[in-house]
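Visitor: Can you walk me through this one? I'd like the overall picture, then one helix.

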Amino acid sequence: MENNQGTRSRKQYKRRSALQEVWRRFRKNPGAMLGLFMVILIVGVAIASGFIFDYQKDVVAQHITQRLKPPSAQHWFGTDQLGRDIFARVLYGARYSLSIGLIAVCVSLIVGVTLGAIAGYVGGIVENIIMRVVDIFLAIPSILLAIAVVSALGQSALNLMIAVGLCTVPSFAQVARASVLTVRNNEYVEASRAIGATNWQVIRSHILPNSLSPIIVQATLRIGSAIISASALSFLGLGIPLPAPEWGAMLSEGRQYIRDYSYMTLFPGLAILLTVISFNLIGDGLRDAIDPKLKR
């Protein structure tokens, strides 16, 4: 009986796909599950805020008679210098920060992975040219590069996403190149070339699918960095134009009142902190789940 149960359990284990095995290891990580729960909660808040609050009336409209009210039952996070409800602005601001972080990472993911895959697969002079250009961009501080891009293109949500995305292209290119170099000489790649597949077909069907693990982890970790970069640009006045409730812009508006009305910066700052920590916890959990040997 015991032997039959052991055989059955081994068969069930063998039936697990790679994705199921990653999920099994991921959910055993309490920090990763906490991060996933927090991200789901923040995304839910961002979606629900559009139905709970009226943008013109509750988020950007000025109510001077209600200015600088402390947190209360009527205004949970208090009001700012223009009488706007900080709770409504923080919740609605999740839409801006999440969309900027996700889209910026998607931009850098597409561009960086494409360049890194070409460099790693083709090699030679093509690899040298691409990676030297990447090194040049790495030599420029990312915040200065983002400021230059926003200054050249102008202030808007789209330009902010492009600026933040371009800053993280080099890191994705390096990770993609390193991943491609580990799989480009495997037998299934050689077999694909032998049956006449083009370079693009080999990259699309064999190289990239088998190089995705470190790229996915990098993307998850970079979402938090993108949110911080976008908030920093907004704090400097180069992000989304006011009166949009972006968290970095809210910090910038509240800094002159921080001595007497600290809640104006406390709640947007906590929103940034919790969001970035949540994505970093997910990234750490994915790294450990995808390759348990990297677990610290």
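**Overall picture and helix α3**

Guide: Of the 296 residues of the protein, 42% count as buried (under 20% relative accessible area with a 1.4 Å probe, protein chains only). This is a predicted model, where local features need pLDDT of at least 70 and side-chain atom pairs pLDDT 80 or more, while totals for chains, interfaces and linings use all residues. Residues are numbered from 1 along each chain as its sequence is written, and side-chain values use heavy atoms, leaving out hydrogens and water.

Visitor: How many helices and strands?

Guide: The protein has 14 helices and 0 strands. Helices are DSSP runs of H or I with at least four residues; strands are runs of E with at least two.

Visitor: What does the C-alpha trace span?

Guide: About 75 × 65 × 35 Å along the principal axes of the protein.

Visitor: And how much area is exposed?

Guide: About 15,900 Å², with carbon and sulfur atoms supplying 64% of it. The areas come from the Shrake-Rupley method with a 1.4 Å probe.

Visitor: Now α3. Which residues are buried there?

Guide: Ala 32, Gly 35, Met 38, Val 39, Ile 42, Ala 46 and Ser 49.

Visitor: How far does α3 reach?

Guide: Helix α3 covers residues 30-52, 23 in number. From first C-alpha to last it reaches 31 Å, close to the 33 Å expected. That expected span is 1.5 Å times one less than the number of residues.

Visitor: What caps the N-terminal end of α3?

Guide: Asn 29 does. One of its side-chain oxygens lies 3.0 Å from the backbone nitrogen of Gly 31.

Technical notes
Buried < 20%, exposed > 50% of the residue type's maximum accessible area, 1.4 Å probe, protein only. Polar contact = N/O pair within 3.5 Å; in protein donor to acceptor, adjacent residues only side chain to side chain.
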